[in-house]
Amino acid sequence: MNISRTYLLTGSLYLLVGIILGMYMGGKQDFTLAPVHAHINLLGFTLMTLFGVAYRVMPQLAGNTLAKVHFWLHQIGAFVMLIGLFLLMTGSMAPESAEKILPVSEILVFFGMLAWAINVFRSA
Ligand code: HEM
């Protein structure tokens, strides 16, 4: 798998979803989901695009195990967090369930970032 390319592709999909949600909020004048919109755009589009470009510019970061760990933890963690946040804020998931699911997704994202940081310190 080409990590850089996959980050850029998934990032652009998150951007489309984030923008559609932003347009929907603006149209409805209901900003309840603003934090979901912000996190789709920032965790999904901005960070993934940044990672995609960074792995392209510094290919020495892309081929090792840390890059793979980072990729999967970020992809899975961000996806679970964004869906969880959406369900919580639309009232489709009970806060008690969100309290169990969201921290797990946050830990996944955090350890992904840790792998990224170690990789950068070692090889950038
Ligand atoms: C056509 C594109 C976009 C539209 C229509 C849009 C629309 C909106 C709307 C309606 C809000 C709520 C404003 C309010 O609470 O008064 C908002 C908030 C926000 N948007 Fe966007 N947005 C767009 C793109 C983006 C992008 C690309 C990013 C980041 C990369 C972004 C990041 C944010 C952030 C951080 C907030 C504040 C969230 C909060 O207060 O909880 N937006 N946007």
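**Entry 1: Gln-29**

I looked up Gln-29 and found that Gln-29 is exposed, because its relative accessible area is 58% and the cut-off for exposed is over 50%. I note here that the model is predicted. I located Gln-29 in the loop between H1 and H2. I then read its backbone angle: Gln-29 is not a glycine, yet its phi is positive, about 55°. I recorded this angle because most residues other than glycine have a negative phi.

**Entry 2: The chain as a whole**

I turned to the secondary structure and listed 4 helices and 0 strands in the chain. Along the sequence I wrote the pattern down as α-α-α-α. I took the box that the C-alpha atoms fill, along the principal axes, as roughly 45 × 30 × 20 Å.

I also looked up how much of the chain is covered. The chain has 124 residues, and 35% of them count as buried. Its accessible surface comes to about 7100 Å², and carbon and sulfur atoms account for 74% of that surface. For contacts between residues at least 6 apart in sequence, I noted that 77% join residues at least 24 apart.

**Entry 3: The ligand**

How many residues surround the ligand? I recorded 13, and the closest are Ile-19, His-37, Ala-38, Asn-41 and Thr-46. I next asked which helix gives the most to this shell. The answer is H2, with 7 residues. Helix H1 (3-28) and H2 each supply at least two residues of the shell.

I looked up two distances from nitrogen of the ligand to side chains. An N or O atom in the side chain of His-37 is 2.8 Å from a nitrogen atom of the ligand. For the side chain of Asn-41, the corresponding distance from an N or O atom to a nitrogen atom of the ligand is 3.4 Å.

**Entry 4: Thr-49**

I stayed with helix H2, which spans residues 34-57 and includes Thr-49. I found that the side chain of Thr-49 reaches the backbone oxygen of Phe-45 at 2.7 Å. Setting aside neighbours within four places in sequence, I listed Leu-8 and Gly-11 as the contacts of Thr-49.

**Entry 5: Met-58**

I placed Met-58 in the loop between H2 and helix H3 (65-89). Met-58 has a relative accessible area of 23%, so I entered it as partly exposed. I then compared two kinds of separation: Met-58 and Val-120 are 62 residues apart in sequence, while their C-alpha atoms are 9.6 Å apart in space.

**Entry 6: Asn-119 and Leu-114 in helix H4**

Is Asn-119 buried or exposed? I entered Asn-119 as buried, because its relative accessibility is 0% and the cut-off for buried is under 20%. Asn-119 lies in helix H4. Not counting residues up to four places away in sequence, Asn-119 touches Tyr-55, Leu-61, Asn-64, Leu-66, Ala-67 and Ala-124.

I also looked up Leu-114, which lies in helix H4, residues 95-123. Its relative accessibility is 36%, so Leu-114 counts as partly exposed. Leu-114 belongs to a nonpolar patch on the surface, together with Ile-107, Phe-110, Phe-111 and Ile-118. I noted about 460 Å² as the accessible area of these patch residues together.

Note on methods: Residues numbered from 1 in each chain as written. Predicted model: local features only at pLDDT ≥ 70, side-chain atom pairs only at ≥ 80, totals over all residues. Heavy atoms only, no water. Polar contact = N/O pair within 3.5 Å; in protein donor to acceptor, adjacent residues only side chain to side chain. Contact = heavy atoms within 4.5 Å. Patch = residues over 30% accessible without salt bridge, like charges linked within 9 Å, V, L, I, M, F, W, Y side chains within 5 Å. Areas by Shrake-Rupley, 256 points an atom, 1.4 Å probe, with all protein chains shown as cover. Salt bridge = Lys/Arg side-chain N within 4 Å of Asp/Glu carboxyl O. Buried < 20%, exposed > 50% of the residue type's maximum accessible area, 1.4 Å probe, protein only. Near = heavy atom within 4 Å.
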